Amino acid sequence: MRRILMGAFLAAACFGTAAAEDIVLRGMGSFHVGGRIAEVSGKEVRMIQRQPGGPMTKLDPNGQYMVEQMYVQYFLPKVKKGKYPLLMWHGGGLTGVTYESTPDGRDGWMNFFIRKGWDTYVSDAVERGRSGFASKDIWPDDPIFLTYQDPFERFRIGDGEGSWNADPQKRKLLPGDQFPAEAYENYMKQTVPRWLSTDAAILRGYLALIDKVCPCVLLVHSQGGNFGFLAAEQRPDKIKGIVAVESATAGKVENAAKLKHVPVLMVFGDYVDQHPRWATFKKVDTEYGNAIKAAGGSVDLINLPDIGIKGNSHMMMQDKNSDQIADVIQKWLVGKALAD
């Protein structure tokens, strides 16, 4: 009994002297949303050995399968300051890991916003990570994969096409680039396959999440931005704000007026206008934002170099100055009365 009491005392003492930056939660957990039952029939039944040395067992691929569900994890800070849950949606070929930790081992935006008092929900979109994927009997097309050098050249880490080299010393970074290039290998370990025919299923998963936990604020990145705006068009009463980080296209311009009561922040990093791909996305996003404003809505667009924050890649939440950008976002959220 004495040992138990002493352990409890020491635990209480440690908790009482916890540093200000420690994360203290009132709850955490995970769940799945959405999904459907798919039927497979007419396939060959065969015998397989499931483990080395194990018995032969029947594999019958015919039957029902649960597919297109979405995995979500959540963290609820003890001191809550965000007025709504904050939902973080990742980009193409990635998962919720985008927001968890940086490739060089620093805290990601997930921890940053939990510390700021936001109930934070980080998901793996349908078809990614812990959400799982379906067989070719259900999704007949093949997934696509990122080559090792693709993000280096395409995500404005290196200086465009031809900047990659197998020798790290010969890779051509953009001047002043903030991405932790020395940890590029760790970044590539988080990439996953994606399909080109599952957008409708992905959107259904996100809508199921909104219906479960919102009203809420969306923080979306790249491909996730397109889903964020499309979802907001369908649930405008449940979306209280959108932070779109280099959204890879927005919603449908003809539906933009539906977001006239949803404050929107669009954030772009460095060298966007010099890169045809990202300049195109920025143009599309700006036109969508202008359509929201024309309907009486509020849209703020921040080009980070214009406010003195330079060198940011497409993966700015993993760049060396990621906290500085998160602070810009946090101040905007507070300014829109979405947090205390």
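**Note on the largest pocket and a helix pair**

1. The lining of the largest pocket in this predicted model is made up of eleven nonpolar, nine polar and five charged residues.

2. The volume of this pocket is about 300 Å³. There are 25 lining residues, and those closest to the pocket centre are Gly92, Arg154, Arg194, Gln223 and Arg277.

3. Which helices each supply at least two residues of the lining? They are α3, spanning 150–154, α6, spanning 223–234, and α7, spanning 276–294.

4. Helix α6 also packs against α5, which covers residues 199–213. The two axes lie 10 Å apart and meet at an angle of about 60°. Angles under 35 degrees count as roughly parallel and 65 to 115 as roughly perpendicular, so α5 is classed as oblique to α6. The crossing of α5 and α6 is right-handed.

5. On the α5 side, the contact is made by Asp199, Ile202, Leu203, Tyr206, Leu207 and Ile210. On the α6 side, Gln223, Phe227, Leu230, Ala231 and Gln234 take part. Sorted by class, the contact between α5 and α6 has eight nonpolar, two polar and one charged residues.

6. One residue appears in both parts of this note. Gln223 is among the residues closest to the centre of the largest pocket, and Gln223 is also one of the α6 residues in the contact with α5.

Technical notes
Residues are numbered from 1 along each chain as its sequence is written. This is a predicted model: local features need pLDDT of at least 70, side-chain atom pairs count only at pLDDT 80 or more; totals for chains, interfaces and linings use all residues. Side-chain values use heavy atoms; hydrogens and water are left out. On a 1 Å grid over the protein atoms alone, a cavity is a set of points where a 1.4 Å probe fits but cannot get out, and a pocket is an open set with protein on both sides within 12 Å along at least five of seven lines; lining residues have an atom within 4 Å of a point. Grid points are joined across faces, edges and corners, and a volume is the space filled by probe spheres set on the points. Helices (H or I, at least four residues) and strands (E, at least two) are DSSP runs, numbered from the N terminus. Ala, Val, Leu, Ile, Met, Phe, Trp, Tyr, Cys and Pro count as nonpolar, Asp, Glu, Lys and Arg as charged, and the others, Gly among them, as polar. Axes are lines fitted to C-alpha atoms, for helices over the stretch in contact, and angles run from 0 to 180 degrees between N-to-C directions. Angles under 35 degrees count as roughly parallel, over 145 as roughly antiparallel, 65 to 115 as roughly perpendicular and the rest as oblique. A crossing is left-handed if the near helix is turned anticlockwise from the far one by less than a right angle, and right-handed if clockwise. Contact means heavy atoms within 4.5 Å.
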